[in-house]
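Here's a quick look around one protein model, written for someone opening it for the first time. Have the structure on screen as you read.

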Amino acid sequence: MKIAFFSTKSYDRQSFEAVNASYQHELTFFDVQLNEKTAVLAAGFPAVCLFVNDTADAAVLDVLASCGTRLLALRSAGFNNVDLQRAAALGIKVVRVPAYSPYAVAEHAVALVLTLNRKLYKAYNRVRDDNFSLEGLLGFDLYGCTVGVVGTGKIGMVFARIMHGFGCSLLGYDAYPNTQFEAIGSARYASLTELLSNSDIISLHCPLLPETRHLINTSTIAQMKSGVMLINTSRGALIDTTAAIAGIKSGKIGYLGIDVYEQEDELFFQDLSDTIIQDDTFQLLQSFPNVVITAHQGFFTRNALENIATTTLSNITDFERGQSLQNEVFERPPAPLKAVV
Ligand code: NAD
């Protein structure tokens, strides 16, 4: 099948070309992001493959449909960038990669916890500068801390198990609780309020949905412990950045580690080192000494890239053969099995 890939980098080409040896699709790679202006590039491609910062809103989908696109293959787990209602109305199927390596993202969240706690970003530069002072590098034992896990799905569960291994107690909050979480010895579900007010570290692993947008805002930050560590490897818009900045300035948020940022589509996945960044909020955020930002690299492991390429090409083969699409994304998620307390 002819597939148009948007927002591609060298590593996308390498991983997809290697895996495609077993699928034999016709791959065309575009560097540009998918948006209303670039959507015409997909003319003649029945399948379009997109990534997290590509836009597939109603306007883009209209152009794609008129160009003959029948399948949107997301090479990501999240699908908040697609107007599913419009896609369904236009008869465009949407598939995704629901799990490619929960370990990659969970381990990156843990890397942020350790980096912030032990101030590795400062220590690395100091030693390179022959500055062997420990002033300002004081950390704390993770052992005995309470860690709040918001979203106990695939990534949240791996993160929870790792933190349990450090000797932390776990509080979980999820709209769809699962029994495996409380099977981790030190874990129990709580209300969001209880999680926020009792956790030393809070890590976000829920999807971006209308009901989770700005889940972390002025009011929820006010409920947190003073000096809390907040980690977000999920989606930027889970956090109201302006409220987080106020929380950092007041000392309520003692550490912030983010791999995602609400306006990241203007910045991430590009080398902008020679340009003047126009996003003042981002510049302010990264000026704080207790903030570590990575540019959406949680997924970026060898294992994950290979799994992403395999599942994406297999999804497309299923579509081409008219088989059932096991990774199809539908407009609404299934109803909750059990309401959260
Ligand atoms: P998942 O579907 O397995 O788990 C998500 C969990 O969130 C589920 O248990 C679900 O019930 C829960 N949830 C849904 N609505 C909720 C709500 N309103 N409040 C609290 N919990 C809610 O997904 P996953 O594979 O664990 O991925 C989680 C998120 O991680 C994705 O949605 C994506 O945004 C993000 N992600 C980031 C990267 C990265 O590179 N940084 C890579 C992959 C995924």
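## A definition to start with

A salt bridge here means a side-chain nitrogen of Lys or Arg within 4 Å of a carboxyl oxygen of Asp or Glu. By that rule, 0 salt bridges turn up across the interface of domain 1 and domain 2. Keep in mind that this is a predicted model.

## Two domains

So where do the two domains sit in the sequence? The protein chain is split into domain 1, which takes in 2-100 + 302-320, and domain 2, which covers 102-293. Domain 1 is therefore written as two stretches, while domain 2 is given as one, by the domain assignment. Taken over C-alpha atoms, their centres are 30 Å apart.

## Where the domains meet

How many residues are in contact between the domains? On the domain 1 side there are 12, and they touch 8 residues of domain 2. The size of an interface is often given as the accessible area lost when the parts come together. For this pair, about 930 Å² is buried between domain 1 and domain 2, and 54% of that is on carbon and sulfur atoms. Three residues stand out: K9, N53 and N80 supply 44% of the area domain 1 buries against domain 2, more than any other three residues.

Salt bridges may be missing by the rule, but there are 4 residue pairs in polar contact between domain 1 and domain 2, with both residues at pLDDT 80 or more. Sorted by class, the side of domain 1 that touches domain 2 has 7 nonpolar, 4 polar and 1 charged residues.

## Around the ligand

Now over to the ligand. It has 24 residues around it, and the closest are Y100, K154, I155, D174 and T233. That shell is made up of 11 nonpolar, 9 polar and 4 charged residues.

Which residues come up when you look at the ligand's oxygen atoms? I155 is one of them: a polar backbone atom of I155 is 2.8 Å from a ligand oxygen. With R235, an N or O atom in the side chain is 3.3 Å from an oxygen of the ligand. For H296, the side-chain N or O atom is 3.4 Å from a ligand oxygen. Overall, the protein covers 88% of the 870 Å² of accessible area that the ligand has on its own.

Technical notes
Residues are numbered from 1 along each chain as its sequence is written. This is a predicted model: local features need pLDDT of at least 70, side-chain atom pairs count only at pLDDT 80 or more; totals for chains, interfaces and linings use all residues. Side-chain values use heavy atoms; hydrogens and water are left out. A residue is near a molecule or strand if one of its heavy atoms lies within 4 Å of it. A polar contact is a pair of N or O atoms within 3.5 Å; within protein, one must be able to donate a hydrogen and the other to accept it, and residues adjacent in sequence count only if both atoms are side-chain atoms. Accessible areas come from the Shrake-Rupley method with a 1.4 Å probe; for residues, only the protein chains shown count as cover. Ala, Val, Leu, Ile, Met, Phe, Trp, Tyr, Cys and Pro count as nonpolar, Asp, Glu, Lys and Arg as charged, and the others, Gly among them, as polar. Contact means heavy atoms within 4.5 Å. Buried area is the accessible area (1.4 Å probe) that two parts lose on being put together, summed over both.
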